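Reader: Before I take the labels on this model at face value, I would like to go through them one by one and hear the reasoning behind each.

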Amino acid sequence: MTAQKQKHSYLRDGVSRSEVLAWASYDFANSGYTTVVLTAVYNAYFVSVVAENAVWATLAWTLTITLSNIFSILVIPIVSSAADASANKRFWLTVMTLICVICTAALYFTHTGSLALAVLLIVLSNTAFNAGVSLNSAFLSELAKPEAFGKVSGWGWGFGYLGGILSLGVCLMIVFAAQDSGKSAEDYVPLCMLSTAAIFMAVSLPMLLCVKERSKPSGLSFEKTVKNLWVKERSSFAVLKESPEFLKFCFCGLLYQAGIAVVVTLSAVYAELVMKFTTAQTITLILVVNITAAVGAFFFGYVQDRLGHRKTLALTIFLWIVMGVTAAFSTSAASFWFAANLAGIAMGSSQAAGRATVAVFAPEGQLAKFYSVWNIAVWGANILGPITYGLVTCFTNGDQRTAILVTTLYFVFGLIVLRMVRLPKKKAPNISSEL
């Protein structure tokens, strides 16, 4: 009995490992959406087919992503407040999942010239996706003990990579079969959207059906909850006045995360328009990069313990700079594969290093405030990076190489700002509570 208790010491009373597995399966389920729709397949299809590869096509895609992120910033606090007020997170998670799945499946009907429909569906699906991620994360503190948040959250993170690989693998089979039959992107990309939506829905069912709601209603009206949220956000921003070094670090995060956002949302566009990769080659590339990213995130965790937070983050940002320059001047598939896998190594490691560094600044008991401000910087980066890339392509008559060079400057500026940041001389607290 004692051994059994020790085995489950990282879980709260009444929580089974199967329930945690059901919770983690949601990361597996939803990662197919970001990997297939935003990163590997649909973004290139949007630019080359839906927008007919017009000079403004890349800008249209980045504006669409920007709009969805703005909507997310507005919608997520309201939905989260409604869920907290009535203690019905699972209901709202189900609603957001259904919206994302239905809109993803509806991308099946987008084709040459259906720009308005494609924009609407991407904005709705990505907003619902972002809200779903936030709601799912809110279950963590109900399942795991505080000292094990990082461990349990890591299971979901690892599952996420596997889910993206699965969805990409299915899409790759669809593409190969269609191409063998002489079909075009307008035939097989819509089928990829259906398969991605189906996997998302099927694998999310354990979370939506099996994970219990353990929170209690706040006892406040929805209006009062939203008002309290506004007061809380204002309080969070007060930390920037109290910690000017943290303000500099958030600015650094805004810059380098803007560069990362470009890679996430436009790598497939660049691969197909500049490097002339086929859809199958692009999917294969990003599938391999997902594996590289998992390895990089794991490896740099040990590097960070040896080098320290700031040096490790500086190293990963430097890798991003090398990646951007290499991609901009790549003329062969081999050099672009090298650049892409550099991005994979830097992807998880730079985000994890930044997240860990925030904990160094946060005083004990104020992790939530500091991470709230950091997350807003990341959201801002998700708007800033892609829109910059889109504007450059529009003003340079579609020159993607210039766009990748310009947005690589975000990494350069981020590294410069990081050199100005002075970390507090203290041992980092437990960072798990922000996961």
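Author: What follows is a set of questions and answers about the labels given to residues and pairs in this predicted model.

Reader: Let me begin with the interior: how many residues are in the largest nonpolar core, and which of them have the most contacts inside it?

Author: The largest nonpolar core has 123 residues, and those with the most contacts inside it are Tyr 42, Trp 61, Met 193, Phe 249, Ile 317 and Trp 320. Helix 11, which spans residues 244-273, gives the largest share of this core, 15 residues. Around Tyr 42, and leaving out residues up to four places away in sequence, the contacts include Trp 61, Leu 107, Thr 110, Ile 122 and Met 193.

Reader: Why is Thr 110 called buried?

Author: Buried requires a relative accessible area under 20%, and Thr 110, at 1%, therefore counts as buried. Thr 110 is found in the loop between helix 5 (89-106) and helix 6 (115-137), and its contacts beyond four places in sequence are Tyr 42, Tyr 45, Val 50, Leu 117, Ala 118 and Leu 121.

Reader: What makes the approach of Thr 110 to Tyr 42 a polar contact?

Author: The cut-off for such a pair of N or O atoms is 3.5 Å, and the side chains of Thr 110 and Tyr 42 are joined at 2.8 Å. The side chain of Thr 110 also reaches the backbone oxygen of Leu 107, at 2.6 Å.

Reader: How do you know that Cys 171 is in no disulfide?

Author: A search of the whole structure finds zero disulfides. For Cys 171 the nearest cysteine sulfur, that of Cys 192, is 3.7 Å away, whereas a disulfide needs the two sulfur atoms within 2.5 Å, so the pair does not qualify. Cys 171 is buried, with a relative accessible area of 0%, while Cys 394, at 26%, is partly exposed.

Reader: Turning to the rings, what makes the pair of Tyr 26 and Phe 200 edge-to-face?

Author: This pair belongs to a structure that holds twelve aromatic pairs. The centres of Tyr 26 and Phe 200 are 6.0 Å apart and their planes are 70 degrees apart; since pairing needs centres within 6.5 Å and edge-to-face needs an angle over 60 degrees, both conditions are met. Tyr 26 lies in helix 2 (residues 17-40) and Phe 200 in helix 9 (residues 185-210), so the pair ties together parts that are 174 residues apart in sequence. Tyr 26 is buried at 2% relative accessible area, and Phe 200 is buried at 2%.

Reader: Why, then, is the pair of Phe 249 and Trp 374 called stacked?

Author: For Phe 249 and Trp 374 the distance is 5.0 Å centre to centre and the angle between the planes is 10 degrees, and because planes under 30 degrees apart count as stacked, that is the label the pair receives. Phe 249 is in helix 11 and Trp 374 in helix 15 (residues 367-395), so that the pair links parts of the chain 125 residues apart. Both Phe 249 and Trp 374 are buried, and ring pairs link these two with Phe 246 and Phe 361 into a cluster.

Reader: What makes the contact between Arg 214 and Glu 19 a salt bridge?

Author: The N to O distance between the side chains of Arg 214 and Glu 19 is 2.7 Å, which falls within the 4 Å cut-off, and the pair therefore counts as a salt bridge. Arg 214 sits in the loop between helix 9 and helix 10 (222-242), Glu 19 in helix 2, and they are 195 residues apart. Arg 214 is partly exposed at 24%, whereas Glu 19, at 6%, counts as buried.

Reader: How many salt bridges does the search of the whole structure find?

Author: It finds three salt bridges. Another of them joins Lys 89 and Glu 213, whose closest N and O atoms are 2.4 Å apart. Lys 89 lies in helix 5 and Glu 213 in the loop between helix 9 and helix 10, so this pair ties together parts 124 residues apart in sequence. Lys 89 is buried at 4%, while Glu 213 is partly exposed at 25%.

Reader: Why are Glu 245 and Lys 248 described as separated by about one helical turn?

Author: The reason is that Glu 245 and Lys 248 are three residues apart in helix 11. Their side chains meet in a salt bridge at 3.0 Å, N to O. Glu 245 has 23% relative accessibility and Lys 248 has 28%; because partly exposed covers the range between 20% and 50%, each of these residues is given that label.

Key:
Residues are numbered from 1 along each chain as its sequence is written. This is a predicted model: local features need pLDDT of at least 70, side-chain atom pairs count only at pLDDT 80 or more; totals for chains, interfaces and linings use all residues. Side-chain values use heavy atoms; hydrogens and water are left out. A nonpolar core is a set of buried Ala, Val, Leu, Ile, Met, Phe, Trp, Tyr and Cys residues joined through side-chain atoms within 4.5 Å. Buried means under 20% relative accessible area, exposed over 50%, partly exposed in between (1.4 Å probe, protein chains only). Helices (H or I, at least four residues) and strands (E, at least two) are DSSP runs, numbered from the N terminus. Contact means heavy atoms within 4.5 Å. A polar contact is a pair of N or O atoms within 3.5 Å; within protein, one must be able to donate a hydrogen and the other to accept it, and residues adjacent in sequence count only if both atoms are side-chain atoms.
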